[in-house]
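Dear colleague,

Please find below the structure that I am handing over to you. The notes that follow it set out what was found concerning its charged side chains.

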Amino acid sequence: MSEPGTPFVIRPARRSDDADLAELDRATWSTLHAVQPRPVPPYRPFFDESHPPEQHLVAEPVTGGGAGDGRIAGYIRLCAPTPLACNQHVRQIQGLAVARWARGEGVARALLRAAGDEARRQGATRVTLRVLGHNTPARRLYESEGYTVEGVLPGEFFLAGRYVDDVLMGRPLAG
């Protein structure tokens, strides 16, 4: 499921990834992208009834044999934005995180592309996401992958002492 030349393999998440994904989420938490408060113990499981493993793709570094080496470099959550039948042609990215040690290696880009492939496989014709207005690196990445701004909710969140826009982005899935 990974692109040729990419040093990562992308695979569906497994229930056994729960603790590693929860740790990755805690380690990458930042007001640059999170609207929820910083997690504190006791920590909740990563997977729950609303966010099962089936909604996640995981990136692992490729080893000499080509399979992942078991360390999680990142994940992406892809799901239907609503339970409505009239909205089932859309998939929404509701989470993307990359481990610090894997940043700058193309993990986020590989996960975005794999999510697009998975959305297409599920019959979707478009993918949407939400990103905080001040998260310039993420917005640049999304734009480079064909996402365009479809709406802005000005000052939607108050984070770290300032109001932050919620930017709605999307892209069609062609081919």
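E145 and R113 are joined by a salt bridge, in which the closest N and O atoms lie 2.8 Å apart. This contact brings together distant parts of the chain, since E145 sits in the loop between α3 and β6 while R113 belongs to helix α2, 32 residues apart. Please bear in mind that the model is a predicted one.

The two partners differ in their burial class. E145 has a relative accessibility of 11% and therefore counts as buried, the limit for that class being under 20%. R113, with a relative accessible area of 33%, is partly exposed.

E145 has a further partner in R109. Their salt bridge has its closest N and O atoms 2.5 Å apart. Here too, distant parts of the chain are linked: R109 lies in helix α2, which covers residues 107-121, and E145 lies in the loop between α3 (136-144) and β6 (148-159), 36 residues apart. R109 is classed as partly exposed because its relative accessibility is 30%, which falls between the cut-offs of 20% and 50%.

Helix α2 also holds a salt bridge within itself. The side chains of R120 and D117 meet at 3.1 Å, N to O. Both residues lie in helix α2 and are 3 residues apart, or about one turn of the helix. As for their surroundings, R120 counts as partly exposed at 27% relative accessibility, and D117 is likewise placed in the partly exposed class, at 47%.

Elsewhere, R11, D17 and E60 are joined into one network by salt bridges that share partners. Within this network, R11 is found in strand β1, which spans residues 8-12. Its relative accessible area is 10%, so R11 is buried. The side chain of R11 also makes a polar contact with the side chain of E60, at 3.0 Å.

How many salt bridges does a search of the whole structure find? The search finds 9, and those described above are among them, including the pair R109 and E145 and the pair R120 and D117.

When you open the model, I would suggest beginning with E145, which is buried and forms salt bridges with R113 and with R109. The network of R11, D17 and E60 may then be viewed separately.

With kind regards

How values were computed. Residues are numbered from 1 along each chain as its sequence is written. This is a predicted model: local features need pLDDT of at least 70, side-chain atom pairs count only at pLDDT 80 or more; totals for chains, interfaces and linings use all residues. Side-chain values use heavy atoms; hydrogens and water are left out. A salt bridge is a side-chain nitrogen of Lys or Arg within 4 Å of a carboxyl oxygen of Asp or Glu. Helices (H or I, at least four residues) and strands (E, at least two) are DSSP runs, numbered from the N terminus. Buried means under 20% relative accessible area, exposed over 50%, partly exposed in between (1.4 Å probe, protein chains only). A polar contact is a pair of N or O atoms within 3.5 Å; within protein, one must be able to donate a hydrogen and the other to accept it, and residues adjacent in sequence count only if both atoms are side-chain atoms.
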